[in-house]
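Me: I'd like to go through this one by asking why each label is used. Can you set the values against the cut-offs as we go?

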Amino acid sequence: MKIATFNIRGDFGIDGANNFDCRQPLILQKIRAEQPDVIGFQEVMPHVQRWLRQNLPGYTVVGCGRTADYADEAMTLAVRSDTAELLGFDVFWLSPQPQVPGSRYAHQSECPRTCAAAIVNVQGMGGPVRVYDTHLDHLDAEARRLGLAQVLQRMRHDAAALPLPAVLLGDFNAEPGAPELAPLFAPDAPLGLRDVTGGVEVTFHGFYYGNEPPAKIDYIFATPELACRRLDVWRDEADGVYLSDHYPLCAALERR
């Protein structure tokens, strides 16, 4: 199973030569060349999700916005139609009321946060795999801790109901040594999760405009049933235009 995490960068019209419309040809070229079975996107605005659906006809594209009216940014999954089947999908909010659209924790940014959860059946994997795509809070470490704890609780609940291999991916807005991510790097990490992107030093680069220092804040974690055969960092760039302000990560996973 070839699976990617891709923070596509919100289309705010403030990135100059790296505005979304400038990056579109490079994005399509890369996805068509790599053809992942599953892509977990973050920061997908409604018009960007429509664009993905229109321009990735070989994929089933699902997701919903994070606000109370299902607008704004979405956790979006793209599942390749000829190699994989989407068996189940839902979105929950990282909050004390996970089924209430737009809900948040008391201590976090004004942005609601969500997680998209799916079951996909990819050819050659010997059975279905669960995929969780999330984007933790960008301002508050406690909100990230609470949000991650909630995602892990959901993963445990799902595994107890029906054990399946699982992948957790996304933009966690924290580097590997951050205290709020400690559960993922502990020897007894929940469900045996391990970071298959451990050798990557930088994912966020901010188009190298110098506003923020580069850092590794994007991840793909997998349960022990899945082995990583290959990991690629999509560093594509053409005349100063990048795929995003993050380098997408793409892992080739196989069932042990």
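Reply: Sure. Two strands count as paired if DSSP finds at least two bridges between them. Keep in mind that this is a predicted model.

Me: What makes E11 and E14 a pair, and which residue stands opposite Leu226?

Reply: Strand E11 (residues 226-233) and E14 are joined by seven bridges in the antiparallel sense, and the rule asks for at least two, so they pair. Leu226 stands opposite Arg255 in E14.

Me: And what makes E1 a partner of E14?

Reply: Strand E1 (residues 2-7) and E14 share four bridges, again in the antiparallel sense. With at least two required, that counts as pairing. One of the bridges puts Ala4 opposite Cys250 in E14.

Me: How do you know that strand E14 is largely enclosed?

Reply: Five of the seven residues of strand E14 (residues 249-255) are buried, so the rest of the structure largely encloses this strand.

Me: What is the strand order of the sheet with E14, and why are E3 and E11 called edges?

Reply: The order is E3-E4-E2-E1-E14-E11, an open sheet of six strands with mixed pairing. E3 and E11 each have a single partner strand, so one side of each has no neighbour in the sheet. From one strand to the next, the twist averages 20°. A parallel part of the sheet is E1 with E2, over five bridges, where Ile3 stands opposite Val38 in E2.

Me: What does H2 touch on this sheet?

Reply: Helix H2 packs on the sheet through contacts with E2, E3 and E4, and its direction makes about 170° with that of E3. The angle scale runs from 0 to 180 degrees between N-to-C directions, so about 170° puts the helix nearly opposite in direction to the strand.

Me: How do you know that the buried residues of H2 line one face?

Reply: In helix H2 (residues 46-55), the buried residues are Val48, Gln49, Trp51 and Leu52. Seen down the helix axis, they fall within an arc of 155°, so they line one face. Their cover includes helix H1 (20-34), strand E2 (38-44), strand E3 (59-65) and strand E4 (74-80).

Me: Why is Leu52 called buried?

Reply: Buried means under 20% relative accessible area, and Leu52 has 0%, so Leu52 qualifies. Beyond its neighbours within four places in sequence, Leu52 is in contact with Ile8, Phe41, Val44 and Val61.

Me: Why is Phe20 with Trp51 called edge-to-face?

Reply: Edge-to-face needs planes over 60 degrees apart, with ring centres within 6.5 Å. For Phe20 and Trp51 the centres are 5.1 Å apart and the planes are at 80°, so the label fits. Phe20 is in helix H1 and Trp51 in helix H2, so the pair ties together parts 31 residues apart in sequence. Phe20 and Trp51 are both buried.

Me: What makes the pair of Tyr208 and Tyr242 tilted instead?

Reply: Their planes are at 50°, with the centres 5.8 Å apart. Stacked is under 30 degrees and edge-to-face is over 60, so 50° lands in the tilted range. Tyr208 sits in the loop between E9 and strand E10 (218-222), and Tyr242 in strand E13 (residues 241-242), 34 residues apart.

Me: Why is Tyr208 called partly exposed?

Reply: The class lies between 20% and 50%, and Tyr208 has 43% relative accessibility, so it is partly exposed. Tyr242, at 14%, falls under the 20% limit and therefore counts as buried.

Me: How do you know that Arg235 lies over the face of Tyr247?

Reply: The CZ of Arg has to be within 6 Å of the ring centre and within 35 degrees of the ring normal. Arg235 is at 5.7 Å from the ring centre of Tyr247 and lies over its face.

Me: Over in the other sheet, what makes E5 and E9 the edge strands?

Reply: That open sheet of six strands has the order E5-E6-E7-E8-E10-E9, with mixed pairing. Strand E5 (84-93) and strand E9 (194-195) each pair on one side only. Helix H3 (residues 141-161) packs on this sheet, touching E5, strand E6 (114-122), E7 and E8.

Me: Why is Arg144 called buried?

Reply: Arg144 lies in helix H3 and has a relative accessible area of 9%. The cut-off is under 20%, so Arg144 is buried. Among the residues it touches are Leu136, Asp137, Phe172 and Glu180.

Conventions
Residues numbered from 1 in each chain as written. Predicted model: local features only at pLDDT ≥ 70, side-chain atom pairs only at ≥ 80, totals over all residues. Heavy atoms only, no water. Buried < 20%, exposed > 50% of the residue type's maximum accessible area, 1.4 Å probe, protein only. Helix = DSSP H or I, 4+ residues; strand = E, 2+ residues; numbered from the N terminus. Arc of directions from axis to C-beta. Contact = heavy atoms within 4.5 Å. Phe/Tyr/Trp six-rings, centres within 6.5 Å; stacked < 30°, edge-to-face > 60°.
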